[in-house]
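Reader: Please take a close look at one backbone detail for me, and then work outwards from there. I care about local geometry and about how far I can trust it.

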Amino acid sequence: MWFYMKLAWRNMFRNKRRTIIASIAIGIGLASLILTAAVMRGMVSNMIKAATASFLGEAQIHGKGFRETGEVEQTINNLAQVTENLKKEDIVDAFTLRTISMGMLSSPANVNAVMVVGIKPETETFLSKIDDAIGKESGDFFKGDNPREIVIGSKLAEVLEVSLGDRVVLTVAQAKTGDLSQEMFRISGIYSFDIKEMDTGMAFIRIEKSQAMLGIGDRVHQIAVKFKNIETASLKEIPFWEKYSIDGNEAVSWITLLPQMKAVLDMTGITIGMMVIIMGAVVVFGIINTLFMSLYERMFEFAVMRAVGTRPSGMRKLVILEAGALGVISIILGLILGVIVTLIFTKTGIDYRGIEFAGTTIHEMLYPEMHITDLIFFPIGVLVFTLVVGIYPAWVAGRMKIADALRKSL
Amino acid sequence: MRRSTILSALVVLLLFPVSIIQAETAKVDAKEIVKKMDELYRSSSSQATMEMEIITPHWKRTLKMDAWSLGMDQTFIRILSPKKERGIATLRIDNEMWNFLPKTNKVMKVPPSMMMGSWMGSDFTNDDLVKEFTFIDDYSFELTDVENPQEGVVYVKCIPKPDLPIVWGHIIIAVKEKDYSPVWQKYYDEKGKLMREMFFKEVKTFGKRTIPAVMELIPTHKEGNKTIVRYLDAKFDINIDKGIFSLRNLRARI
Amino acid sequence: MLMLKIAFRNIFRQKRRTILTALSMFGGFVMAAFFIGWSDGAYNNIIDMFTRNQMGHIQVHHKDYLDRPSMYKTVDNLPAIERILKETKTVESWAPRLYSAGLASVGEKCAGVRIIGIDPHQENRTTDFQQKITQGRMFSESPAGEVIIGKGVAKVLNARLEDEVVIVSQAADGSIANDIYRIVGILESGDEIGDRTAFYLPLSVAQELLVLGGRVHEVALTVQHLDDVRGVNRQLQQKIDDPKLSVEPWQVFARSFYIAMKADKEGMWIMLVIIVLVVAIGVLNTVLMSVLERRREYGVLKAVGTKPSQIVKMVLMEVNILGIICIVAGTAVGLLLNYIFSVHGYSLPEPLTYGGMKFQHMFSEINARSFYIPTITVIISATLVSFFPAIKAARTDPARSMRMH
């Protein structure tokens with residue numbers, strides 16, 4: 001066996017040009033697979049981020065029934081215990097508490113219905129991008145300590161005809177009694193996502209203020225969670241969901257909150273599958289091509305080998321090992337190429353922001369994400385492929401009739 | 001402000017009557033002036049027939065209604081015309097409000113969410129609809145001058161006390177010196193832009209009181225919107241059957 | 001034309017080599033064609049399903065309606081518009097709608113709702129409305145007094161079928177609009193937020209309630225093929241030609257969805273580039289090898305007097321002829337593949353849920369892109385790659401070429 005391996009290896013290098021060309025071709029195939037997987041992951045990440053990072057969060061915890069009715073009395077049960085647990089949770093990167101209620105925001109010019117979100121600035125900034133969406137000239141996200149600060153979207157500011165520092169009045173209905181609660185606020189920040197719904201419908205105030213206005217003590221309606229790994233939220237089987245869906249609460253991932261996104265993601269998953277198949281096919285063609293070419297060219301040589309006594313099994317071994325050798329060289333080349341190219345893109349990102357409309361403020365570059373598993377899985381796959389593909393030429397080589405072969409010439 | 005806010009403003013004025021008292025010769029202190037003006041309509045009870053004309057860029061309507069009030073807490077209104085709305089009644093007791101719609105024969109309690117939610121495609125300002133008119137306590141007052149002052153009229157600048165849920169920057173009230181009846185009220189935002197005006201006209205005597213019978217509310221920066229309320233008849237400090245302020249009365253057919 | 005004959009014969013002389021080279025060109029072509037047809041199909045599937053669910057492909061509104069909706073911003077001459085839509089052959093179906101806000105109450109409970117006036121017949125045809133009714137039924141032929149509410153509305157109001165609902169709103173003439181209806185159906189459209197406020201009335205009933213006779217706020221329409229959308233949109237803009245109205249495609253009124261899809265499609269484009277690259281390299285590999293291997297042959301040709309330029313020509317011709325044959329064959333097979341998948345579709349291992357609808361069956365698409373992109377790829381890569389070795393071969397000293405190997 002060892003003999004054949006040495007022979008196979010040396011044979012590969014005899015026709016350097018062909019070997020190099022073929023292995024480059026296959027190597028590029030492998031590199032493409034690595035790059036594609038990384039790009040795909042980056043894309044998926046981006047999509048999830050786009051959907052969740054601006055405000056939603058990757059998972060949310062509510063009191064059961066809150067999502068359907070939005071009733072102010074439906075707060076999270078056992079809040080202290082839940083937050084304790086979340087703090088200790090390994091997979092959780094950050095979480096933030098919010099109150100959510102409908103209200104009316106009035107200015108001297110107009111009045112509008114809004115979703116009032118009471119937040120804790122210190123933790124909210126880790127979860128949502130509202131603070132990032134506030135331009136330099138448009139104030140800030142609760143950097144001061146004035147409890148009467150309110151942050152609204154640009155479209156809402158337009159409707160109400162207000163700007164930074166202006167005075168507005170917020171009206172909400174208290175829990176249980178339904179009595180109205182009104183307070184004065186001053187616009188301290190105006191954000192813009194360039195998405196109508198987000199820029200019109202929400203108003204942010206400090207959570208202590210909203211809790212006081214709603215009369216819910218220190219209860220909250222929603223906990224938004226961000227995981228350390230963006231893929232965690234798409235895993236259905238992790239204990240997280242059950243753990244936080246007790247005591248009359250429910251924990252759901254963004255997939256439940258945004259079912260449309262899931263569809264797009266599934267699509268992407270299927271696409272990756274397709275790509276792998278197609279690239280696999282191309283790689284296969286490349287390998288078959290090379291092996292057969294080398295086979296037919298060296299027909300004479302093989303015939304001689306047979307003539308001096310090599311058995312068909314030996315011939316087959318040789319061919320397969322040559323295929324293997326080709327595979328190994330290709331893998332090495334492919335890995336080097338793949339890793340370098342992907343690493344470059346990982347640092348620089350892929351910029352495809354050339355979309356027709358003005359770019360939205362959260363439009364991100366695509367950063368491919370390479371996983372070690374790719375670097376093991378794919379090369380092994382290619383090697384196995386190579387060997388498998390080599391079976392046919394090997395079989396042909398074994399069946400060759402010596403006399404015919406000797407007579408053949410290119 | 002939208003036309004519907006004017007509507008609501010007027011509804012509020014009916015539900016939460018601004019009280020303006022009879023004239024008394026008193027010292028010319030800004031706060032005192034406003035107080036006296038505030039008390040002009042205050043009464044232990046009242047009954048009035050009024051007309052409300054609403055003008056918007058899209059339509060024009062005149063509603064005629066009867067209104068009863070007891071103290072500051074209870075009010076009852078029934079709409080007399082136009083025919084489509086005849087029989088619609090509203091009852092307010094403290095913070096709660098009920099509507100009766102004869103067409104559907106339904107008494108509906110006005111929920112807090114309706115007070116705040118986008119109702120009828122409109123926007124009700126809470127300033128007007130819900131808030132108790134606690135003018136005296138919410139502002140600080142000082143005498144002021146205006147361009148083209150009228151004879152016999154004093155002008156008071158009202159500045160909202162800090163941190164109160166009021167959207168205005170300041171309000172200027174024009175009050176007649178001799179009987180403290182209001183002439184006009186002008187509302188400004190914090191930047192000093194005139195946002196709405198209210199004019200009081202046609203002073204008439206109803207029983208023992210002399211008050212402006214017509215109130216005109218004009219939002220200055222929205223074209224074509226105006227609301228005019230006319231008292232056709234009014235009686236103050238009379239005996240009123242408490243039974244009027246009941247859910248049962250909502251359903252009474254007229 | 002001797003060159004051509006020689007080129008042809010060269011191709012068929014060395015069957016094995018030809019077949020191998022051809023295989024990679026052919027295979028690569030088919031793969032690329034299939035991928036494009038498949039991914040374009042899948043995307044268009046999703047876009048189509050999403051837009052057909054409720055919004056339609058194109059919408060006609062009062063020109064300011066989308067920016068700041070108001071009851072008064074209406075589309076007034078519906079019959080004229082419907083006539084135009086009927087005439088335009090690429091328009092598949094349309095549905096007029098009227099929107100307003102109101103307060104609905106059942107017993108003691110009330111909730112803010114969105115009143116939606118629909119033409120039952122048209123709505124069924126355009127957005128398959130009745131499929132979404134999970135309890136009860138669609139409007140009857142004389143639907144006065146009937147209402148269909150969204151699942152969320154039913155929940156908030158604690159309402160069931162046959163319950164009576166009172167609706168209060170403000171009519172367009174300022175009067176108070178109110179009436180009482182019977183719940184005949186409860187609807188689940190997949191849009192949970194929409195279902196929390198959906199209050200469907202027959203259009204004529206809604207128009208009467210709100211004193212908006214003959215007026216609507218929106219006409220949503222569908223076209224036969226998603227690709228026609230922009231074209232039809234332009235067409236309709238010209239035909240309708242009313243400065244008060246605007247005709248907009250889904251890319252405008254469903255902008256956030258569009259951006260999401262576009263971003264995804266852009267990503268797909270990267271994938272395509274990679275695939276094309278890989279195919280090109282496959283072709284490169286084989287063509288290069290076959291050309292290089294025949295250096296000895298070229299040496300002989302030169303020795304017997306063939307001009308260098310003729311050799312280059314011959315090589316290029318061979319490669320291109322082969323390429324063309326492969327492209328033709330590839331087109332045929334690719335077309336077949338895409339056709340099968342576009343007509344019969346394929347089933348997904350796991351159903352895609354979108355807008356409350358489950359899609360298990362998707363379709364590929366037959367389009368020009370899936371053919372001209374692979375064609376260009378194959379030809380360019382093959383030609384490019386044979387160019388340089390051909391020149392090199394043509395230039396080498398015959399004696400040296402013949403001594404090679």
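Author: A:Asn78 counts as partly exposed, because it has 13 C-beta neighbours inside 10 Å. The scale behind that word calls a residue buried with 20 or more other C-beta atoms within 10 Å of its own, exposed with 12 or fewer, and partly exposed in between, with C-beta atoms placed from the backbone. This is a predicted model, so local features need a pLDDT of at least 70 and side-chain atom pairs count only at 80 or more, while totals for chains, interfaces and linings use all residues. Residues are numbered from 1 along each chain as its sequence is written, and chains are lettered from A and ligands numbered from 1 in the order in which they are written.

What makes A:Asn78 worth your attention is its phi, a positive value of about 60 degrees in a residue that is not a glycine. A:Asn78 belongs to the loop between helix H3 (66–69) and helix H4 (79–88) of chain A. Helices (H or I, at least four residues) and strands (E, at least two) are DSSP runs, numbered from the N terminus.

Chain C offers a companion case. C:Asn158 has a positive phi near 55 degrees, and it is a residue other than glycine. It lies in the loop between helix H5 (151–157) and strand E6 (164–170) of chain C. C:Asn158 is exposed, because 12 other C-beta atoms lie within 10 Å.

From C:Asn158 you can step to C:Leu209, 51 residues apart along the chain, with 24 Å between their C-alpha atoms. C:Leu209 is part of helix H7 (residues 203–209) of chain C, and it counts as buried because it has 21 C-beta neighbours inside 10 Å. Leaving out residues up to four places away in sequence, C:Leu209 touches C:Ala177 and C:Asp179. Touching, or contact, here puts the C-beta atoms of two residues, placed from the backbone, within 7 Å.

Now the wider setting in chain C, which has 14 helices and twelve strands. Of its 405 residues, 50% count as buried. Among contacts with a separation of 6 or more, residues 24 or more positions apart account for 80%. Chain C is divided into domain 1 (2–51 + 258–403) and domain 2 (57–250), with bounds that come from an automatic or database domain assignment. Eight residues of domain 1 are in contact with seven residues of domain 2. Helix H2 (residues 15–53) of chain C gives the most to the domain 1 side, with four residues.

As for trust, chain C averages a pLDDT of 82, and 89% of the residues score at least 70. pLDDT is the predictor's confidence in each residue, from 0 to 100. Within chain C, strand E8 (residues 198–202) has the highest mean, at 94, and strand E11 (residues 346–354) the lowest, at 62. Where pLDDT is low, the predicted coordinates should not be read in detail. The model as a whole scores ipTM 0.76 and pTM 0.75.

Another backbone detail sits in chain B. A cis peptide bond joins B:Ser81 and B:Pro82, with omega about 5 degrees, and B:Pro82 lies in the loop between strand E3 (74–81) and strand E4 (89–93) of chain B. The secondary structure of chain B comes to six helices and 13 strands. Strand E1 (residues 45–55) of chain B runs antiparallel to strand E2 (residues 60–70), joined by eleven bridges, and a hairpin connects the two through four residues. Ten bridges also join E1(B) to strand E13 (residues 226–236) of chain B, again antiparallel. Strands count as paired if DSSP finds at least two bridges between them. In these pairings B:Ser45 stands opposite B:Leu70 in E2(B), and B:Ile54 stands opposite B:Thr227 in E13(B).

Back in chain A, A:Ile150 is among the residues with the most contacts inside the largest nonpolar core, which has 258 residues. Such a core is a set of buried Ala, Val, Leu, Ile, Met, Phe, Trp, Tyr and Cys residues joined through C-beta atoms within 7 Å. Helix H2 (residues 16–52) of chain A gives this core its largest share, 19 residues. Not counting residues up to four places away in sequence, the residues that A:Ile150 touches include A:Val168, A:Phe185 and A:Ile205.
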